[in-house]
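Let's take a walk through this structure together, one step at a time. Have the sequence and the 3D view open, and follow along.

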Amino acid sequence: MKHRCFSIVFILLVLAHVTVFDTIVLAKDVKLPSLKLKATPFSKAKPHSRSPCLPKILPPQDYLSTTYYLTSCPDLEGIIQNKINAWIQRDYTTAASIIRLHFHDCAVRGCDASILLNHAGSERRAEVSKTLRGFEVIDEIKAEVEKRCPKTVSCADILTAAARDAMVMVGGPFWEVPFGRKDGTISHGREAHMVPQGHENVTALIEFFQSRGLNILDLVILSGSHTIGRSTCNSIRPRLSYFKNTVMAEPPIDVKYLNFLKKQCRRDSNYANLDATTPTTFDSMYYTNLEKKRGLLLTDQLLHSDARTAPIVAALAPQPQLFISQFAVSMVKLGNVQLLTGKNQGEIRRNCNYVNP
Ligand code: HEM
């Protein structure tokens, strides 16, 4: 037994080292070999297979497992994938909307599907959530899943897997999704304001991510989701009108790009692509754009000018493979924020819009 304990502790130390190594080497702006992680190591943990060497109380994400629905809903991932593919084939912009929805869910009260609750005063009904889309996609998936495996699969798990499949459909990486989240029963509109809106400074972004167990590398990597999708002009209005003289603009903005945006954004309800160069492809052009002062959101461009994040942007711009592989790692971490997994925590909602009666 002593020998077994030693081996497990040794493996844990090696895994911990890998994570720290990733962060440190990137911060030094050194080219990294491509990482081949599909998911963080804990995704392989099974819910009831505790070793006597580990502490009795594990972090919630250790109760998730990629095989969680293996017997209770074996076709789950196929159902989600088919629906997501069909939606994206009909409307390509669905992909970005689902990925953003997953972020907004995990950002408030953790990944508990609180963003899907549709009642007066909920996060979803808040003014700041009005540009969120894709709710009907999750409803359609949930309806099909309930037919096949009633009262079994949480809306939080469905949204997490849907975001992964949406990412794959637009050329992003595949990663294994650990399952076992429960759905929350609380959603407050005022809490939706916690999610960054695009006018924050980098310190605020870092603090927001850190308070959810995500580090600076995760911030820069996950912001790379803006390699696809769009923003309403309303969200960038201050960036366009405030800086009359672009020499004074902070962070700076490319003059040609600014002029283009001014034309594009004659109305607040118009849209502009978050990635000015390759808006429909999952690639590292988002970071290259930042280097050319063509970041759409203020918060995007600031990542290039802040000393804490700039070296990571510089490392990612020329290394699309590094971005892609690290993106999968950070997405698994995002999906593990503040989980409800205990027996008495949360529920499996029958309809994602409402708490069970
Ligand atoms: C770092 C802090 C972040 C800020 C300040 C931010 C801000 C924004 C804003 C302002 C928009 C446009 C909203 C509008 O239509 O007016 C947007 C769109 C989007 N965001 Fe973020 N975001 C952040 C992080 C993330 C993360 C972590 C993800 C995903 C993991 C994400 C995914 C997306 C996607 C895919 C869109 C496009 C949505 C669509 O086309 O419908 N964002 N974001």
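A good place to begin is helix H3: 11 of its 14 residues are buried, so the rest of the structure largely encloses this helix. This is a predicted model, and every value below was computed from it. The buried residues of H3 are Thr94, Ala95, Ala96, Ile98, Ile99, Arg100, Leu101, His102, Asp105, Cys106 and Ala107. What do these buried residues pack against? Their partners are helix H2 (76–90), helix H4 (135–148), helix H5 (155–169) and helix H13 (320–334).

The length of H3 can be checked too. With 1.5 Å for each residue, a helix of 14 residues should span 20 Å, and the end C-alpha atoms of H3 are indeed 20 Å apart, so the two values agree. After H3 comes Arg109, which has a positive phi near 60 degrees.

Now look at Ala107, which belongs to helix H3. Is Ala107 buried or exposed? A residue counts as buried when 20 or more other C-beta atoms lie within 10 Å of its own. Ala107 has 24 of them within 10 Å, so Ala107 is buried. Setting aside neighbours within four places in sequence, Ala107 is in contact with Met194, Val195 and Arg212. Try finding Gly335 as well: Ala107 and Gly335 are 228 residues apart in sequence, yet their C-alpha atoms are 9.8 Å apart in space.

H3 also leads us to the ligand. The shell around the ligand holds 28 residues, and the closest are Ala96, Pro196, Gly198, Gly229 and Ser231. One of these, Ala96, is also among the buried residues of H3. Which element gives the largest share of this shell? That is H3, with five residues. Helix H7 (216–223) and strand S1 (230–232), like H3 (94–107), each supply at least two residues. Sorted by class, the shell has 11 nonpolar, 14 polar and three charged residues. Both domain 1 (76–195) and domain 2 (214–333) contribute, with at least three shell residues from each.

Let's step back to the whole protein chain. There are 13 helices and two strands in the chain, and buried residues make up 41% of its 357 residues. Among contacts with a separation of 6 or more, 77% join residues 24 or more positions apart.

Two further residues are worth a look for their backbone angles. Lys293 is not a glycine, but its phi is positive, about 65 degrees. You will find Lys293 in the loop between helix H10 (285–291) and helix H11 (298–305). Lys293 is partly exposed, with 19 other C-beta atoms within 10 Å. Gln338 is also a residue other than glycine with a positive phi, here near 45 degrees. Gln338 sits in the segment after H13, and is partly exposed, with 17 other C-beta atoms within 10 Å.

Finally, a word on confidence. The mean pLDDT of the protein chain is 86, and 82% of its residues reach 70 or more. Where does pLDDT stay under 50? Look at residues 1–52, for which the model has 58 contacts beyond four places in sequence.

Conventions. Residues numbered from 1 in each chain as written. Predicted model: local features only at pLDDT ≥ 70, side-chain atom pairs only at ≥ 80, totals over all residues. Near = placed C-beta within 6 Å. Helix = DSSP H or I, 4+ residues; strand = E, 2+ residues; numbered from the N terminus. Nonpolar A, V, L, I, M, F, W, Y, C, P; charged D, E, K, R; others polar. Domains from an automatic or database assignment. Expected span 1.5 Å × (residues − 1). Buried ≥ 20, exposed ≤ 12 C-beta atoms within 10 Å, placed from the backbone. Contact = placed C-beta atoms within 7 Å. pLDDT = per-residue confidence, 0-100.
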